[in-house]
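Subject: Structure handover

Hi,

Here is the structure you asked about. Please load it first, then read the notes underneath.

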Amino acid sequence: MENSYDIAVIGGGIIGLATARALGERAPRARIVILEKEAKLATHQTGNNSGVIHSGIYYKPGSYKAKLCVEGKGLMLEFCQKHGIRVDHVGKVIVATEAAELPRLQTLYERGIANGVPVEMLDPGQLREIEPHAQALRAIRSPSTAIVDYKEVCAAMTRELTARGVVIETGARVTSIKRSGGEIDVVTPHKSVRARRIVNCAGLYSDAIARMAGAKVDLRIIPFRGEYYMIRPERQDIVRGLIYPVPDPEFPFLGVHLTRTVHGEVEAGPNAVLAFAREGYTFGRVSPGELAGTLAYRGFWNMTRRYWRMGSYEMYRSLSKAAFVTALQRLVPALRSEDVTRGGAGVRAQAVNPDGTMVDDFRIIAEADAVHVLNAPSPGATASIAIGRHIAGLAANTFGLS
């Protein structure tokens, strides 16, 4: 039957594409469709990140993030090599600029060792050999961190999927999901798609899609905008690779950092400020309905009470270039205000529990006829191929996929 499939994947970002790819590998005869609400694939989180292939140093040993990031990094490098996609193995340094950060730096070092990630501790002299303009009391070097253009990765995945017969529908925003006769009707503005099973990789709208499908979900996606500055071309030699601060363990963001891209630019950022719309890429972009939903969620107010100091500072740094530059100067003191210009922004889909805690690990739930990816922020792109395989494994167990 036309518009009838075995599996409908909702969301055409890198995780949706990687999941469809893994499902096709697991069940080559399965009829698969990808439903993407935008006119192009990889428009949101995938298309607005720094392009870092993370090593896995940050994540708690035994967590999904640790396991899938380390596995996913290897798979991503293999995929890029197979498709001739440029990867620069620039490495990363994580710098402790004050004594209070040294114990946290040591914890990161130990996590790297536990996760099987190449890592070495540096003194200030060793750091200057790698990043001559960086400043620190001590630093960690992660030599296996790399950079790539994830849009190119998605383009290659799309070519693979199309060649395998996977149908990709763009401009297909899901408006309702209904069950009928043991199948699922996924309704979009232009057509209805019938599927035996669905996989929800909707990113910023993953919780909304899960509820639409009848899943009992108590968390909510709270959007955080990450704003970037760009280092002027004539000053880009001030950074050789990636320079990161020691992250706050209570806050699931990596802090303002400096990142060289595969296109030769150097990004500075991002910060993390509450967005007033799920696709709030600018301060002035407000969705009254989505903002009302955020404000009505008790988890938001519990989060606000828990993180108000950090949130206030992030908002101040969003509005003040001087404050942003001051944060960068902790990493590279030679940077000046005139060296940076406003860049773009991305929006992170951050799942928040009712008690106000931010979900730190990947959160994927499986039901009899659906899998929902409810939290897959950084290192989601790095881990995407491994996440896709994990989801295909869940589908095999819960859907009877073969």
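The notes below go through strand β19, some backbone features, the cysteines and one helix. Keep in mind that this is a predicted model.

**Strand β19**

Start with two residues of this strand. H372 sits in β19, which runs over residues 370–375. Is H372 buried or exposed? It is buried, because its relative accessible area is 0%. Its side chain makes a polar contact of 3.2 Å with the side chain of N200. N200 also appears among the contacts of H372 beyond four places in sequence. The others in that set are A210, A213, A215, R363, I364, I365 and E367.

N375 belongs to β19 as well. With a relative accessible area of 1%, N375 counts as buried. Which backbone atoms lie by its side chain? One is the backbone nitrogen of A351, 3.0 Å from a polar atom of the N375 side chain. Another is the backbone oxygen of D361, 2.9 Å from a polar atom of that side chain. Setting aside residues up to four places away in sequence, N375 touches A349, Q350, A351, V359, D360, D361, F362 and R363. So A351 and D361 are in the contact list of N375, and R363 is listed for H372 too.

**Backbone features**

Two cis peptide bonds come next. The bond from G269 to P270 is cis, and its omega is near 0 degrees. P270 is in the loop that links β15 (266–269) and β16 (273–274). The bond from S378 to P379 is also cis, with omega near 10 degrees. P379 falls in the loop between β19 and α10 (380–398).

A42 is worth a look on your plot. Its phi is near 55 degrees, which is positive although the residue is not a glycine. A42 lies in the loop between β2 (32–35) and β3 (52–53). It is buried, at a relative accessible area of 8%.

**Cysteines**

How many disulfides does a search of the whole structure find? Zero. C69 is in no disulfide, and the nearest cysteine sulfur, that of C80, is 14 Å away. A disulfide needs the two sulfur atoms within 2.5 Å. C69 is buried, with a relative accessible area of 0%. C201 is in no disulfide either; for C201 the nearest cysteine sulfur belongs to C154, at 12 Å. C201 is buried too, at 10% relative accessible area.

**Helix α3**

Now the helix. α3 covers residues 102–114, 13 residues in total. At 1.5 Å a residue it should span 18 Å, and its end C-alpha atoms are 18 Å apart, so the two values agree.

Where do the buried residues of α3 point? L105, L108 and G112 are buried in this helix. They cover an arc of only 55 degrees around the axis, so they lie on the same side of α3. The general rule fits here. An α-helix has 3.6 residues a turn, so residues three or four places apart point the same way. The buried residues of α3 pack against β4 (92–96), β5 (120–122) and β6 (138–142). The face turned away from the buried side carries P103 and A114, which are exposed. Just after the helix, G116 takes a positive phi of about 75 degrees.

Best wishes

Key
Residues are numbered from 1 along each chain as its sequence is written. This is a predicted model: local features need pLDDT of at least 70, side-chain atom pairs count only at pLDDT 80 or more; totals for chains, interfaces and linings use all residues. Side-chain values use heavy atoms; hydrogens and water are left out. Helices (H or I, at least four residues) and strands (E, at least two) are DSSP runs, numbered from the N terminus. Buried means under 20% relative accessible area, exposed over 50%, partly exposed in between (1.4 Å probe, protein chains only). A polar contact is a pair of N or O atoms within 3.5 Å; within protein, one must be able to donate a hydrogen and the other to accept it, and residues adjacent in sequence count only if both atoms are side-chain atoms. Contact means heavy atoms within 4.5 Å. The expected span of a helix is 1.5 Å times one less than its number of residues. The arc is that of the directions from the helix axis to the C-beta atoms.
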